[in-house]
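Trainee: I should like a close look at one part of this protein. Please take the cluster of aromatic rings as the point of departure, and then turn to the strands and the charged pairs.

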Amino acid sequence: VGQLDPSILECSGVEYGPGEGGRYWVHSDSKRPALLYEIDENGALKKSYALDGATNRDWEDIAMDDEGRLYIGDIGNNLLTLEDLNIYRIDLGRGEKTSILKQAFRYPGAGGKTLGLQSHDAESLFVAGGRLFLLTKTLLASESILYAFPEFSSWDGKEVLLLEEMDRLLLP
């Protein structure tokens, strides 16, 4: 086991991706440059990708779909002051130009905003069954809420996606 490259500050998300010898995708947490890093299994930097048009306000996690597209969650909301939350879908294009889709979303019952909803600070994303899922964290309650995004085919970067509450998980 190696040590993470020191140029990657406050690493927040990690996702394993297939490739020669395996590779990992990571990014930095809030208010850092909008960069995606490819590292090896020892934490050595293989390549960094500038994500033009993206803003790292509070990136928390990263996930990969079956097509190899990456999803970075600008989903952190520790102070519960953010009204717009986004997912960035990144397609590295297999040698072609990287494409980035910024997709806004909202939680159900939020009236188009996330303010005032104590459980709507999130840290985790994952892909399963062709959909992206998000888990919230709470500071005041002992639960995490599991939300599902609509199917990827409905993502256009123009319409705000409404998440579907799937389950509430009680925490010890």
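Mentor: The model is a predicted one. In it, ring pairs link Tyr71, Phe105, Tyr107, Tyr147, Phe149, Phe152 and Trp155 into a cluster. Over the structure, the count of aromatic pairs comes to eleven. One of these pairs is formed by Tyr71 and Trp155, whose ring centres are 5.5 Å apart and whose planes stand at 80° to each other, an edge-to-face arrangement. Tyr71 belongs to strand S6 (residues 70-74), whereas Trp155 sits in the loop between strand S11 (143-148) and strand S12 (161-162), so the pair ties together parts that are 84 residues apart in sequence. Tyr71 has a relative accessibility of 0% and therefore counts as buried. Trp155 is likewise buried, its relative accessible area being 7%; the cut-off for that class is under 20%. Phe152, another member of the cluster, has a charged residue over its face: Arg69 lies there, at 5.9 Å from the ring centre.

Strand S11 leads from this region to a sheet. Four strands make up this open sheet, in the order S9-S10-S11-S13, and their pairing is antiparallel. The edges are taken by strand S9 (121-128) and strand S13 (164-170); each has a single partner strand, so one side of each is left without a neighbour in the sheet. On average, and with direction ignored, neighbouring strands of the sheet are turned by 25° against each other. S11 and S13 are joined in the antiparallel sense by six bridges. Ile145 has Arg168 of S13 standing opposite.

The charged pairs can be read against the same strands. Side chains of opposite charge can pair when their charged atoms come close. A search of the whole structure finds nine salt bridges, and two of the pairs described here have both partners in strands of the sheet just discussed.

Consider Lys137 and Asp121, which form a salt bridge with their closest N and O atoms 3.5 Å apart. Lys137 lies in strand S10 (residues 131-137) and Asp121 in strand S9, so this salt bridge ties together parts that are 16 residues apart in sequence. The two partners fall in separate accessibility classes: Lys137, at 26% relative accessibility, counts as partly exposed, while Asp121 is buried, with a relative accessible area of 3%.

Arg131 and Glu164 also meet through their side chains in a salt bridge, at 3.2 Å from N to O. Here Arg131 lies in strand S10 and Glu164 in strand S13, so the pair ties together parts that are 33 residues apart in sequence. Glu164 is partly exposed, with a relative accessible area of 39%.

A further salt bridge returns us to strand S6, the strand that holds Tyr71. The side chains of Arg57 and Asp74 meet at 3.8 Å, N to O. Arg57 lies in the loop between strand S4 (45-50) and strand S5 (61-64), and Asp74 in strand S6, so this pair ties together parts that are 17 residues apart in sequence. Arg57 is partly exposed, with a relative accessible area of 23%, and Asp74 is buried, at 2%. Strand S6 thus contributes both Tyr71 to the aromatic pair with Trp155 and Asp74 to the salt bridge with Arg57.

Definitions and conventions: Residues numbered from 1 in each chain as written. Predicted model: local features only at pLDDT ≥ 70, side-chain atom pairs only at ≥ 80, totals over all residues. Heavy atoms only, no water. Phe/Tyr/Trp six-rings, centres within 6.5 Å; stacked < 30°, edge-to-face > 60°. Buried < 20%, exposed > 50% of the residue type's maximum accessible area, 1.4 Å probe, protein only. Lys NZ or Arg CZ within 6 Å of the ring centre and 35° of its normal. Pairing = 2+ DSSP bridges. Axes fitted to C-alpha atoms, helices over the stretch in contact; angles between N-to-C directions. Salt bridge = Lys/Arg side-chain N within 4 Å of Asp/Glu carboxyl O.
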